[in-house]
Amino acid sequence: MGIAVTGAAVRPNKRDYSLIGRDSRLAVENGLAAAEWYHTDVPRKQMKELMKRSDGPAIRDTAIWIAAFVVSAAGGIWFWGTWWCVPFFFAYGVLYGSSSDSRWHECGHGTAFRTQWMNDAVYQVACFMIMRNPVTWRWSHTRHHTDTVIVGRDPEIAVMRPSDLARLVLNFVGILDAWHAMADMARNAAGVIGAEEATFIPESERPKAIRVARIWLAIYLATVALALALHSWLPLMLVGLPRLYGAWHMVLTGLLQHGGLADNVIDHRLNSRTVYMNPVSRFVYWNMNYHVEHHMFPMVPYHALPKLHDLIKHDLPAPCPSIWAGYREMIPAFLRQLRYEDYYLRRELPPTAKPYREELHQDDRMLAAAE
């Protein structure tokens with residue numbers, strides 16, 4: 001699926017992922033911040049058709065989503081105290097702790113529904129489930145798209161170099177993510193906006209982030225109080241804990257987005273990965289498996305991404321044929337990065353593609369010089 005290049009011998013300093021650190025400053029100085037990214041040429045008429053918003057697909061999928069919540073929650077409550085509740089809470093957990101990730105994401109872009117209040121409603125609910133402040137993450141994700149996997153600029157880099165494998169494993173049950181989310185919620189509820197948050201949240205939006213954190217904190221405290229009053233874990237199995245036991249699918253698919261690929265480049269074909277997935281995972285993930293396509297054209301709705309993929313795949317690296325195939329190439333890359341921080345998987349383009357829109361990657365230049 002590509003060749004790997006390493007320049008570890010010539011990089012004296014480790015990457016600084018802080019948004020207020022050394023690499024953040026270097027990204028600005030080197031023109032990587034808010035750069036002009038490569039886009040595959042798509043005829044204007046076809047792109048206009050792909051970007052057309054419609055309520056229909058999202059209403060259908062959201063109705064199925066809500067119905068699945070109702071059935072799985074009802075089954076879990078009805079069979080509570082017996083082993084029969086396990087499959088119901090398994091399904092409920094994935095809906096709560098994983099599918100909410102794609103719903104906040106797509107509705108945050110404002111593309112899932114044509115009607116904006118529908119986007120806003122699902123966005124707010126999904127943000128609560130995934131424990132992401134809707135104000136903070138709206139601006140965080142804007143930065144992620146502006147500076148995708150640019151070290152020191154992108155606040156949403158899931159896998160840093162060298163890879164912290166223990167953290168990756170723990171995130172499959174949401175432990176560290178949920179802990180940090182609760183800490184951020186408590187800090188925001190106390191009226192404090194962090195230094196890194198302040199680099200991408202406009203000052204006028206910060207009071208909203210604080211207000212939301214206080215509302216959420218009140219909901220969680222009320223849920224804990226109800227659980228104590230009932231002497232039962234059941235309220236927490238419905239609100240809060242699913243963010244832990246249902247996070248595995250979100251992490252399983254999310255790591256594939258950029259894991260093991262190049263950083264500090266301005267071509268999404270180098271730093272993003274498209275993976276073919278089964279229909280159930282695509283429903284949970286809302287077609288974000290077409291991730292190169294999404295980053296190139298983020299205003300194309302999720303339901304049109306398969307069409308976009310067919311239209312531009314001649315210009316993209318071959319997609320991974322399955323989740324398993326993606327991990328088969330990604331895990332060895334993570335292990336290599338433990339020893340060689342600059343190791344990455346370089347994507348091969350088909351003969352029909354335009355060359356990468358980039359100067360020779362820094363690691364390639366170093367390798368060429370060494371040779």
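Visitor: What does the side chain of Arg273 reach at 2.8 Å?

Guide: That would be the backbone oxygen of Leu256. Keep in mind that we're looking at a predicted model. A polar contact needs a pair of N or O atoms within 3.5 Å, and this pair is 2.8 Å apart, so it makes the cut.

Visitor: Where is Arg273 found, and why is Arg273 called buried?

Guide: Look in the loop between α13 and α14 (279-285). Buried means under 20% relative accessible area. Arg273 has 2%, so buried is the right word.

Visitor: Let's try Ser98. Which helix does Ser98 lie in, and what makes Ser98 buried?

Guide: Ser98 belongs to helix α4 (residues 85-109). Its relative accessible area is 3%, and the limit for buried is under 20%, so Ser98 counts as buried.

Visitor: Which residues is Ser98 in contact with, leaving aside its neighbours within four places in sequence?

Guide: Gly93, Gly246, Ala247, Trp248, His249, Met250 and Val284. Two of these names come back when we look at polar atoms. A polar atom of the Ser98 side chain lies 2.6 Å from the backbone oxygen of Gly246. That side chain also reaches the backbone nitrogen of His249, at 3.4 Å. The limit for a polar contact is 3.5 Å, so 3.4 Å still gets in.

Visitor: How far apart are Ser98 and Pro355?

Guide: In sequence, 257 residues; in space, 36 Å from C-alpha to C-alpha.

Visitor: On to salt bridges. How do you know that Arg15 forms a salt bridge with Asp263?

Guide: Check the distance. The rule asks for a side-chain nitrogen of Lys or Arg within 4 Å of a carboxyl oxygen of Asp or Glu. Here the closest N and O atoms are 2.7 Å apart, so the pair qualifies. Arg15 sits in the loop between β1 (3-5) and α1 (22-29), and Asp263 in the loop between α12 (248-254) and α13 (268-271), so the bridge ties together parts that are 248 residues apart in sequence. Both Arg15 and Asp263 are buried.

Visitor: How many salt bridges does the count come to by this rule?

Guide: The count is 22. Another one pairs Asp177 with Arg167, with the closest N and O atoms 3.8 Å apart. Asp177 is in helix α8 (residues 175-189) and Arg167 in helix α7 (residues 165-171), so this pair links parts ten residues apart in sequence.

Visitor: Why is Asp177 called partly exposed?

Guide: Partly exposed covers what falls between buried, under 20%, and exposed, over 50%. Asp177 has a relative accessible area of 23%, so that's where it lands. Arg167, at 31%, counts as partly exposed by that rule too.

Visitor: What makes Lys313 and Asp310 a salt bridge?

Guide: Their closest N and O atoms are 3.8 Å apart, and the limit is 4 Å, so they pass. Lys313 is partly exposed, with 44% relative accessibility. There's also a network: salt bridges with shared partners join Lys14, Arg15, Arg161, Asp263, Glu341 and Asp342.

Visitor: Why is α5 called roughly perpendicular to α6?

Guide: The axes of helix α5 (residues 116-130) and helix α6 (residues 134-146) come within 10 Å and cross at roughly 105°. Angles of 65 to 115 degrees count as roughly perpendicular, so α5 and α6 fit that label. On the α5 side, Asp120, Tyr123, Gln124 and Cys127 make the contact, and on the α6 side Pro134, Trp137 and Arg138 do. Those residues divide into four nonpolar, one polar and two charged.

Visitor: What makes the phi of Ala34 worth pointing out?

Guide: Most residues other than glycine have a negative phi. Ala34 is not a glycine, yet its phi is positive, about 50°. You'll find Ala34 in the loop between α1 and α2 (44-50). With 54% relative accessibility, it is over the 50% limit, so it counts as exposed. Met131, in the loop between α5 and α6, also has a positive phi, near 60°. Met131 is buried, though, because its 12% is under 20%.

Visitor: What kind of peptide bond joins Arg161 and Pro162?

Guide: A cis one, with omega about -10°. Most peptide bonds are trans. Pro162 has its place in the loop between α6 and α7.

Note on methods. Residues are numbered from 1 along each chain as its sequence is written. This is a predicted model: local features need pLDDT of at least 70, side-chain atom pairs count only at pLDDT 80 or more; totals for chains, interfaces and linings use all residues. Side-chain values use heavy atoms; hydrogens and water are left out. Axes are lines fitted to C-alpha atoms, for helices over the stretch in contact, and angles run from 0 to 180 degrees between N-to-C directions. Helices (H or I, at least four residues) and strands (E, at least two) are DSSP runs, numbered from the N terminus. Angles under 35 degrees count as roughly parallel, over 145 as roughly antiparallel, 65 to 115 as roughly perpendicular and the rest as oblique. Contact means heavy atoms within 4.5 Å. Ala, Val, Leu, Ile, Met, Phe, Trp, Tyr, Cys and Pro count as nonpolar, Asp, Glu, Lys and Arg as charged, and the others, Gly among them, as polar. Buried means under 20% relative accessible area, exposed over 50%, partly exposed in between (1.4 Å probe, protein chains only). A polar contact is a pair of N or O atoms within 3.5 Å; within protein, one must be able to donate a hydrogen and the other to accept it, and residues adjacent in sequence count only if both atoms are side-chain atoms.
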